[in-house]
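Biologist: Got a minute to go through this fold with me? Let's pull it up and take it piece by piece.

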Amino acid sequence: MNLKASKDFEVRFSEVDSMGIVWHGNYSLYFEDAREAFGKQYNLEYLYMFEQGFYAPLVELHFKYKRPLRCHDKGKIEITYRNTETAKLIFDYKIYSSENEIIATGYSIQVFLDLNYNLMWELPEFMKRWKEKYGLI
């Protein structure tokens, strides 16, 4: 079972560089928007994780740029949860233009820390319950 979410967006003037294309650093913000949309859709928001006693910081973030986006372009970002047995959250991303061309792809990896910043080597119980709810275990 693939858990997916998506979010439409429009490139704002503040997101482009002097060449009129989206500055590469803004793609991390688009990925973050996708993670928030995923969390909202599948009840895995950051505040929920915090309430369960955990942080989920990013430890890896990868991009592949295929085509540029320009000011006022419309696009869609799609996020897919990559199921793993490890104590990590792994997401794959695709950004599409309004013409459905792939603009960029990438992935991110997050780990779990308890509230004392200790790395969790085993999947937290709340994540086991979450995976069971969506048929991932």
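Biologist: How many bridges join S4 to S5?

Modeller: Keep in mind that this is a predicted model. S4 and S5 run antiparallel, and one bridge pair is Lys-76 with Tyr-96 in S5. The number of bridges joining S4 to S5 is eight.

Biologist: Which strands stand at the edges of the sheet, and why is one side of each left without a neighbour?

Modeller: The sheet is open, with five strands paired antiparallel in the order S1-S4-S5-S6-S3. Neighbouring strands are turned by 15° against each other on average, ignoring direction. An edge strand has a single partner, so one of its sides has no neighbour in the sheet; that goes for S1 and S3.

Biologist: What angle does the direction of H1 make with that of S1?

Modeller: H1 packs on the sheet and touches S1, S3, S4, S5 and S6. Its buried residues include Tyr-30, Phe-31, Ala-34 and Phe-38. With the direction of S1, H1 makes an angle of about 135°.

Biologist: How far apart are the end C-alpha atoms of H1?

Modeller: H1 has 17 residues, and at 1.5 Å a residue it should span 24 Å. The model agrees with that, as the end C-alpha atoms are 25 Å apart.

Biologist: Which element gives the largest share of the largest nonpolar core?

Modeller: That core has 34 residues, and Phe-38, Ile-95, Phe-112 and Trp-130 touch the most other members. S1, H1, S4, S5, S6 and H3 each supply at least two residues. The largest share, six residues, comes from H1.

Definitions and conventions:
Residues are numbered from 1 along each chain as its sequence is written. This is a predicted model: local features need pLDDT of at least 70, side-chain atom pairs count only at pLDDT 80 or more; totals for chains, interfaces and linings use all residues. Side-chain values use heavy atoms; hydrogens and water are left out. A nonpolar core is a set of buried Ala, Val, Leu, Ile, Met, Phe, Trp, Tyr and Cys residues joined through side-chain atoms within 4.5 Å. Buried means under 20% relative accessible area, exposed over 50%, partly exposed in between (1.4 Å probe, protein chains only). Helices (H or I, at least four residues) and strands (E, at least two) are DSSP runs, numbered from the N terminus. Two strands pair if DSSP finds at least two bridges between them. Axes are lines fitted to C-alpha atoms, for helices over the stretch in contact, and angles run from 0 to 180 degrees between N-to-C directions. Contact means heavy atoms within 4.5 Å. The expected span of a helix is 1.5 Å times one less than its number of residues.
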